[in-house]
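This briefing sets out selected features of one structure for a structural biologist. The topics are the ligand surroundings, the domain arrangement, backbone geometry and salt bridges.

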Amino acid sequence: MGNYHHPEIETMPRADIEALQSARLVEAVERVYNTVPAYRKKMEALGVEPRHIKGIEDLHLLPFITKDDLREEYPYGFLGAPLDDVVRIQSTSGTTGRRVVAFYTQADIDLWEDCCARAIVAAGGTKKDVVQVSYGYGLFTGAAGIAGGAHKMGAMTLPMSSGNTDRQLQFMADLEATIIACTPSYAAYLAESIHEKGMRDQIKLKAGIFGAEAWTEEMRHDIEQSLGIKAYDIYGLTELSGPGVSFECEEQAGMHINEDHFIPEIIDPKTGEVLPKGSKGELVFTAVTKHAFPLLRYRTKDITQLNYEPCACGRTHVRMHKPMGRSDDMMIVKGVNVFPSQIETVLMNQGYPANYQIIVTRVKTSDNIEVQVEMTPEMFSDSLTEVSKKEKELVGALKSMLGIYCDVRLVAPKSITRSEGKAQRVIDKRNLY
Ligand code: DLL
């Protein structure tokens with residue numbers, strides 16, 4: 001049995017959790033139906049009215065929301081509260097085209113930070129701890145959520161943001177940080193740098209809270225060994241507020257979903273059918289308490305499975321397995337969400353043929369993405385200087401689309417293998433799942 005931030009909620013008997021979810025769902029459906037015309041239209045198309053939803057057993061009657069829906073209604077179409085009540089936005093990483101803007105009232109921020117506070121306490125955090133927040137600050141939700149959560153449970157935060165590793169290590173040592181929160185790949189990089197600088201003895205870390213991208217058990221083991229800490233997984237997505245939708249406890253055996261706010265379902269990604277308890281499939285969430293961005297049945301595209309077995313930590317909230325893949329082709333590279341279609345758009349806009357390949361690798365702890373593109377026959381006769389100029393132009397265009405640096409290699413016409421079925425555009429050599 002560990003410590004809890006909200007013991008009465010985190011250890012609530014299942015029957016009570018479900019009753020709470022049902023009551024909140026009924027209220028949320030009524031509210032969303034009356035405030036979000038885009039969702040009302042979807043409900044009308046299925047002939048569903050708020051009176052049909054009497055509890056969580058009726059959840060399956062409601063229409064889904066996808067990232068594409070949010071994109072179509074960008075920016076305000078899914079706003080569920082008066083703009084006057086909105087105090088903040090956050091946004092997904094990725095492009096202008098694919099960006100999702102999430103809105104928050106002050107109450108939405110409070111509940112999000114509460115979820116993160118639960119995660120920090122579950123990782124052994126107390127108000128005596130010093131939490132180094134090395135997720136990116138800004139539009140990304142990572143730092144805002146974890147820092148807010150740490151403030152709620154009373155720890156001191158070091159708002160480092162990501163990058164500037166020397167400064168990170170200096171603060172970590174001088175201010176004796178005990179908990180570090182960042183992406184697992186950055187944690188591995190920090191660990192490596194600590195060893196290179198011979199600083200291991202000056203580091204007082206005991207726990208890490210890592211998420212925002214896929215990471216394996218092997219990676220967990222390596223980080224735990226090299227830093228001498230316990231590494232906890234945390235999951236979330238911008239659309240549902242950010243980190244803290246679910247988090248690991250000391251058992252490190254699945255992430256407890258904050259079910260008083262987020263109702264999970266597992267569906268067949270092809271048919272949309274709800275799958276029986278324990279099945280592997282696409283995770284769908286209904287956010288019942290958020291007002292400014294109140295998503296019902298949002299398809300995360302993350303593939304996972306739910307575990308309703310009681311947990312030794314005493315928490316009664318269901319656990320999700322760490323994501324085991326995605327039902328779409330989104331990749332997370334250097335912490336940024338990348339869709340192959342974005343890369344293709346850049347190539348097409350610049351006059352290249354649709355013969356390309358994207359190769360993602362991880363060298364030590366840092367991701368690398370290389371785009372190989374066939375030249376047109378006309379370009380092929382260009383001088384080497386001309387070709388390298390064209391490569392630089394593409395690097396620039398990709399950077400402004402994706403926000404990250406990609407290597408570009410222009411290759412001879414017809415040199416990329418043609419496929420007879422679906423083209424294999426992406427070769428991800430990182431073995432993340
Ligand atoms: O990554 C929120 C977050 C910040 C979570 C900090 C944890 C820590 P987005 O940028 O919207 O939000 O990306 C959401 O990232 O659908 C998953 O595919 C992936 N993801 C998030 N956490 C994990 C994790 C944040 N622990 C997308 N393991 C999600 C694997 C994760 N994948």
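Which kind of ligand atom is 2.6 Å from an N or O atom in the side chain of Thr238? An oxygen atom of the ligand is at that distance from the Thr238 side chain. The model discussed here is a predicted one. Its protein chain is assigned two stretches, namely domain 1 (1-328) and domain 2 (331-428).

**Ligand surroundings**

- The ligand has 21 residues around it, and Ala212, Asp233, Ile234, Thr238 and Asp302 come nearest.
- The side chain of Asp302 also places an N or O atom 2.6 Å from an oxygen atom of the ligand.
- At Ala212 the partner is a polar backbone atom, which is 3.1 Å from a nitrogen atom of the ligand.
- Thr238 thus offers a side-chain atom to a ligand oxygen, whereas Ala212 offers a backbone atom to a ligand nitrogen.

**Domain arrangement**

- The centres of domain 1 and domain 2, taken over C-alpha atoms, are separated by 32 Å.
- Across the boundary, 14 residues of domain 1 are in contact with twelve residues of domain 2.
- About 1200 Å² is buried between domain 1 and domain 2, and carbon and sulfur atoms account for 51% of it.
- Between domain 1 and domain 2 the number of salt bridges is zero.
- The count of residue pairs in polar contact between domain 1 and domain 2 is likewise zero, with both residues required to be at pLDDT 80 or more.
- On the side of domain 1 that touches domain 2, helix α8 (residues 184-196) gives the most, with four residues.
- By class, that side of domain 1 comprises four nonpolar, five polar and five charged residues.

**Backbone geometry**

- Most peptide bonds are trans, and most residues other than glycine have a negative phi.
- Tyr74 and Pro75 are joined by a cis peptide bond, with omega at about -5°.
- Pro75 is placed in the loop between α4 (67-72) and β1 (86-91).
- Ser161, although not a glycine, has a positive phi of about 65°.
- The position of Ser161 is in the loop between β4 (156-159) and α7 (165-174).
- Asn164 is not a glycine either, and has a positive phi of about 55°.
- Asn164 is found in the loop between β4 and α7, where Ser161 also lies.

**Salt bridges**

- How many salt bridges does the count give? The count comes to 27 salt bridges, with zero of them between domain 1 and domain 2.
- One of these pairs is Arg40 with Glu44, whose closest N and O atoms are 3.2 Å apart.
- Both Arg40 and Glu44 belong to helix α3 (residues 37-45).
- Within helix α3, Arg40 and Glu44 are four residues apart, about one turn of the helix.

Notes: Residues are numbered from 1 along each chain as its sequence is written. This is a predicted model: local features need pLDDT of at least 70, side-chain atom pairs count only at pLDDT 80 or more; totals for chains, interfaces and linings use all residues. Side-chain values use heavy atoms; hydrogens and water are left out. Domain bounds come from an automatic or database domain assignment. Contact means heavy atoms within 4.5 Å. Buried area is the accessible area (1.4 Å probe) that two parts lose on being put together, summed over both. A salt bridge is a side-chain nitrogen of Lys or Arg within 4 Å of a carboxyl oxygen of Asp or Glu. A polar contact is a pair of N or O atoms within 3.5 Å; within protein, one must be able to donate a hydrogen and the other to accept it, and residues adjacent in sequence count only if both atoms are side-chain atoms. Helices (H or I, at least four residues) and strands (E, at least two) are DSSP runs, numbered from the N terminus. Ala, Val, Leu, Ile, Met, Phe, Trp, Tyr, Cys and Pro count as nonpolar, Asp, Glu, Lys and Arg as charged, and the others, Gly among them, as polar. A residue is near a molecule or strand if one of its heavy atoms lies within 4 Å of it.
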